[in-house]
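Trainee: Please take a close look at the packing inside this protein. I would like to follow one part of the interior, and then see how the surrounding loops relate to the rest of the chain.

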Amino acid sequence: MPDQSLPKARTPEATPGEREASLAHEGISRRRLLGTAGATGLVLGTAGAAVGYAAAPSEAAAPLTSLGTDRAMFHGKHQPGITDGLQARGHVLAFDLAAGAGRKEAAALLRRWSETARRLMAGEPSPHDDTDVARDAGPSSLTVTFGFGHSFFARTGLEKQRPTALDPLPEFSSDHLDKNRSNGDLWVQIGANDALVAFHALRAIQKDAGRAARVRWQMNGFNRSPGATSHPMTARNLMGQIDGTRNPKPGEADFDQRIFVPEKGEPAWMANGSYAVVRRIRMLLDDWEKLSARAQEDVIGRRKSDGAALSGGTEATAMDLEKTDAKGNLVVPINAHARITRPDQNGGAAMLRRPFSFHDGIDTDGVPDAGLLFICWQADPLRGFVPVQRKLDRGDALSTFIRHESSGLFAVPGGAAEGEYVGQRLLEG
């Protein structure tokens, strides 16, 4: 609880500088005591992925004063923004190559983008006409991730290098997709724990596109901020449910097999890469909030208070799908979202969910335009996202309260080595 005691009296002889130092010390002490948490996992297990499939929270609590100093690395085996903890702010956008732009222009663009991302993730100014928006901030866990859409390969004459895993997603009966906010030649994901740092990166990436590409669509999101809870924990989504409980974790033996293309996989340029499914999922919050808390729990299959399965235990306790109540009814309803999306109910299908929530105001009907920017990662979407979504499409209790409004699938190559840019093995191979 917050400190309820009265502040200590200060002597009249104290100087202004001494009083300022004393106040600063009190503020830091309170922040360290009350506002410490690592990056939290998020959020909605809506149609499109398993409930509780979100990036895991950091194990170590960190004081708020460290927020700006946290840094993710640009170079590595995998691109940043996949296994990193969820950030508080995010921008997701797609570009289409400009008319007449091809492989040469795409290579030059990815080279510019990679250098800009490397510098910004290190807390340095962008290499071209920096706007000074993030001048006073550190890296703030900034990550910038790049991917290629299905249409990119025809535009650049690289059809033979297009992965079969990038074939268009099948149609689902619950889809109400806006084609203008779906797909795209190039995809960029930006995340940071400071809103200005994230916006700074967004503007730099947009400016770097120059005449080579134009923005097709952009979406903005948020997650719980580090330090918002007294200890690291799974976050809640905009429906108020704890969400992120059963996300695959990097320490698990089969994590890499499920999430990343193997080093000797096909095509070779996708080694250590992954595939991102991106869906804008609208939550019909006015309808959802009319339900009682118990009715909401039945829809999800988990307690709203602590995220535990309705079959009992804690958040981490395995769900008992066969448990019945005194009347012989299943404790976890047959159409509960958490039951349907379990990997053991879908041939082991799993994905790493790393989404952002969104709220874009009130629409023309006077209802919130809010929900989830769903992003999930897998080694093969035909074995990860698709089988789970097909099953959800056939009878998920949550489907009444959500609407899929846009969709995209992108091939995200492995990380760039020192001296390389993202996608170099594709564009120069």
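Mentor: The answer begins with the whole chain, turns to the core, and ends in the loops.

This is a predicted model, in which local features need pLDDT of at least 70 and side-chain atom pairs count only at pLDDT 80 or more, while totals for chains, interfaces and linings use all residues. Residues are numbered from 1 along each chain as its sequence is written, and side-chain values use heavy atoms, with hydrogens and water left out.

The protein has ten helices and nine strands; these are DSSP runs numbered from the N terminus, with at least four residues (H or I) for a helix and at least two (E) for a strand. Of its 429 residues, 52% count as buried. Buried means under 20% relative accessible area, exposed means over 50%, and partly exposed lies in between (1.4 Å probe, protein chains only). Taking contacts between residues at least 6 apart in sequence, 79% join residues at least 24 apart. Contact here means heavy atoms within 4.5 Å.

Now the core. The largest nonpolar core holds 73 residues, and those with the most contacts inside it are W113, F146 and F152. Such a core is a set of buried Ala, Val, Leu, Ile, Met, Phe, Trp, Tyr and Cys residues joined through side-chain atoms within 4.5 Å. Helix α2 gives the most to this core, with eight residues. Another core lies apart from it and has 19 residues, with F255, F260, L352 and W377 among them.

Take F152 as the residue to look at closely. F152 lies in helix α3, which covers residues 150-155. F152 counts as buried because its relative accessibility is 0%. If residues up to four places away in sequence are not counted, F152 touches L97, A106, L158, D185, L186, L426 and L427. One of these, D185, is 33 residues from F152 in sequence, yet the two are 4.4 Å apart in space, C-alpha to C-alpha.

W113 is another of the core residues with the most contacts, and W113 also takes part in a contact between two helices. Which helices are they? They are α2 (residues 103-121) and α4 (residues 195-209), whose axes come within 9 Å and cross at roughly 160°. Each axis is a line fitted to C-alpha atoms over the stretch in contact, and the angle, from 0 to 180 degrees, is taken between N-to-C directions. The crossing angle makes α2 roughly antiparallel to α4, a label for angles over 145 degrees. From α2 the contact uses L109, R112, W113, T116 and L120, and from α4 it uses H200, A201, A204, I205, D208 and A209.

The loops come next. P170 sits in the loop between α3 and β3 (186-192). With a relative accessible area of 24%, P170 is partly exposed. Setting aside residues up to four places away in sequence, P170 touches V386 and R390. P170 and V386 are 216 residues apart in sequence, but 7.8 Å separates them in space, C-alpha to C-alpha.

The loop between α3 and β3 also contains N183. N183 is not a glycine, yet its phi is positive, at about 60°. Its relative accessible area is 43%, so N183 is partly exposed. D132, in the loop between α2 and β2 (143-149), also has a positive phi, near 70°, and is a residue other than glycine. D132 counts as partly exposed because its relative accessibility is 39%.

For background, most residues other than glycine have a negative phi, and most peptide bonds are trans.

Where is a cis peptide bond found? One joins E266 and P267, with omega about -10°. P267 is in the loop between α5 (255-259) and β5 (274-283), and E266 is found in the loop between α5 and β5 too. Is E266 buried or exposed? E266 counts as exposed, because its relative accessibility is 67%. The C-alpha atoms of E266 and T164 are 9.0 Å apart, although 102 residues separate them along the chain.

The last loop to visit lies between β9 (402-412) and α10 (424-427), and E418 is found there. At 66% relative accessibility, E418 counts as exposed. E418 and F74 are 344 residues apart along the chain, and their C-alpha atoms are separated by 9.2 Å.

Conventions. Angles under 35 degrees count as roughly parallel, over 145 as roughly antiparallel, 65 to 115 as roughly perpendicular and the rest as oblique.
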